[in-house]
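This briefing is meant to be read alongside the sequence and the coordinates. It goes through cysteines, the interior, one enclosed helix, aromatic pairs and a hairpin, topic by topic.

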Amino acid sequence: MILSKLAAAASAGGHIRFADLGLDPDVFSIGFFTLRWYSLAYIAGILIGWWYLLKLIAQPGSPMARRHADDLVFYATLGIILGGRIGYVLFYSPDMLLAPLRILRLWDGGMSFHGGVIGTSLGLILFARRHGLNWLRVHDYIACCVPFGLFFGRLANFVNGELWGKPTDVAWGIVFERTVEMLPEPARHPSQLYEAGLEGLVLFAILWWAFWRTRARYEPGKLVGLFLVGYGVARFIVEFFREPDRQFAGTFIEATGIHMGQWLCVPMIAGGAYLIATATRRRTRVEPIAGAASVA
């Protein structure tokens, strides 16, 4: 739907005005209750990721059974929400610590993917220890499901008209609202859609190929390593097209020419590369949690 509206607006000539796309952050409102596309993006990412996880663990050599997958959803969801929110506060808006009640206002937006990764990882480690599972192999399987959430989340960012890109003259540039104090407002890169494509579709394709067409799932850490490197590189590249975070104006981060999101991706890429490089030495005979035969 979004792509068709973009094509129709572009065909009219000139840059696309976001207001002409007819997108509304709210799905519907009933009294005091408002359902937002951003909330649906989280729900869709979790539910589709859970469905895909069931497909993965049905294959030989799975590190967990179906009963574990159902329980895992709770840990992952809690890690995403708590880690994402706390990460946003610490990395992007530490001033919120002076008004703690603002931290609880999740409906106002403000989630950090890097914080969500940390929170989810901690949740998965606790989950694996509780059930006596190999935590790194559990991470491998979860990593294959994350691109669904990234894809829907970035589409929701676009519908919300937030996290736009830098000014541009490209034909597909979009004039978002309230991006500058003085008119006329410049056309900007739809960097949210760039991220949806790279972090969602492309990253999913890479992990799909590695899981279904190679034996990477039998080398603990390789799939999660591919995810970390793939996401880190994609985010690092797209940040060159995104508008810098205003709260870092005049700071060391702005002086380096590297955005906060890029700085946070550096350890992700390094850690992912290490996991990939050392995955083979962690290769052992895989005894499946569910099923009969061992997998060599």
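Cys144 counts as buried, because its relative accessibility is 2%. The model is a predicted one, and a search of the whole of it finds zero disulfides. The points below take up the cysteines and then the surroundings in which they sit.

**Cysteines**
- The cysteine sulfur closest to that of Cys144 belongs to Cys145, and at 6.4 Å it is too far away for a bond, given that a disulfide calls for sulfur atoms within 2.5 Å.
- Cys265 is likewise counted as buried, with a relative accessibility of 0%.

**Nonpolar cores**
- The largest nonpolar core comprises 37 residues, and those with the most contacts inside it are Leu53, Met64, Leu72, Val138, Phe227 and Tyr231.
- At least two residues of this core come from each of helix 2 (37-57), helix 3 (66-91), helix 5 (113-131), helix 6 (135-143), helix 7 (146-159), helix 8, helix 9 (222-238) and helix 11 (260-278).
- Another core, of ten residues, lies apart from the largest one and includes Leu21, Val159, Phe176 and Leu193.
- In soluble globular proteins, nonpolar side chains tend to be buried together.
- Phe227, when its neighbours within four places in sequence are left aside, is in contact with Phe113, Ala143, Val146, Leu150, Leu203, Leu207 and Gly232.

**Helix 6**
- Helix 6 is largely enclosed by the rest of the structure, because eight of its nine residues are buried; among them are the charged or polar residues Arg137, His139 and Asp140 as well as Val138 and Ile142.
- The buried residues of helix 6 pack against helix 2, helix 3, helix 5, helix 7, helix 8 and helix 9.
- At the N-terminal end of helix 6, Asn134 acts as a cap, with a side-chain oxygen 3.1 Å from the backbone nitrogen of Leu136.

**Gln192 and its surroundings**
- Gln192 belongs to helix 8 (residues 191-213) and is buried, with a relative accessible area of 1%.
- The side chain of Gln192 reaches the backbone oxygen of Glu162 at 2.7 Å, and, neighbours within four places in sequence aside, the residues in contact with Gln192 are Arg154, Asn157, Phe158, Glu162, Leu163, Trp164 and Phe176.
- Although Gln192 and Arg242 are 50 residues apart along the chain, their C-alpha atoms are separated by 8.5 Å.

**Aromatic pairs**
- The count of aromatic pairs comes to 17; in one of them the ring centres of Phe18 and Phe176 are 5.3 Å apart with the planes at 35°, so the pair is tilted.
- This pair links distant parts of the chain, 158 residues apart, since Phe18 is in the loop between strand 1 (16-17) and strand 2, whereas Phe176 is in the loop between strand 4 (174-175) and helix 8.
- Both Phe18 and Phe176 are buried, and ring pairs join them with Phe158 and Trp164 in a cluster.
- Tyr194 and Phe241 form an edge-to-face pair, 5.9 Å from centre to centre and with 85° between the planes.
- Tyr194 lies in helix 8 and Phe241 in the loop between helix 9 and helix 10 (252-256), so this pair ties together parts that are 47 residues apart in sequence; Phe241 counts as partly exposed, at 35% relative accessibility.

**Hairpin**
- Strand 2 (residues 26-30) pairs with strand 3 (residues 33-36) in the antiparallel sense over four bridges, and Asp26 stands opposite Arg36.
- Two residues lie between the strands of this hairpin, and Gly31 in the turn has a positive phi of about 65°.

Terms used. Residues are numbered from 1 along each chain as its sequence is written. This is a predicted model: local features need pLDDT of at least 70, side-chain atom pairs count only at pLDDT 80 or more; totals for chains, interfaces and linings use all residues. Side-chain values use heavy atoms; hydrogens and water are left out. Two strands pair if DSSP finds at least two bridges between them. Buried means under 20% relative accessible area, exposed over 50%, partly exposed in between (1.4 Å probe, protein chains only). Contact means heavy atoms within 4.5 Å. A polar contact is a pair of N or O atoms within 3.5 Å; within protein, one must be able to donate a hydrogen and the other to accept it, and residues adjacent in sequence count only if both atoms are side-chain atoms. A nonpolar core is a set of buried Ala, Val, Leu, Ile, Met, Phe, Trp, Tyr and Cys residues joined through side-chain atoms within 4.5 Å. Rings of Phe, Tyr and Trp (its six-membered ring) pair if their centres lie within 6.5 Å; planes under 30 degrees apart count as stacked, over 60 as edge-to-face and the rest as tilted.
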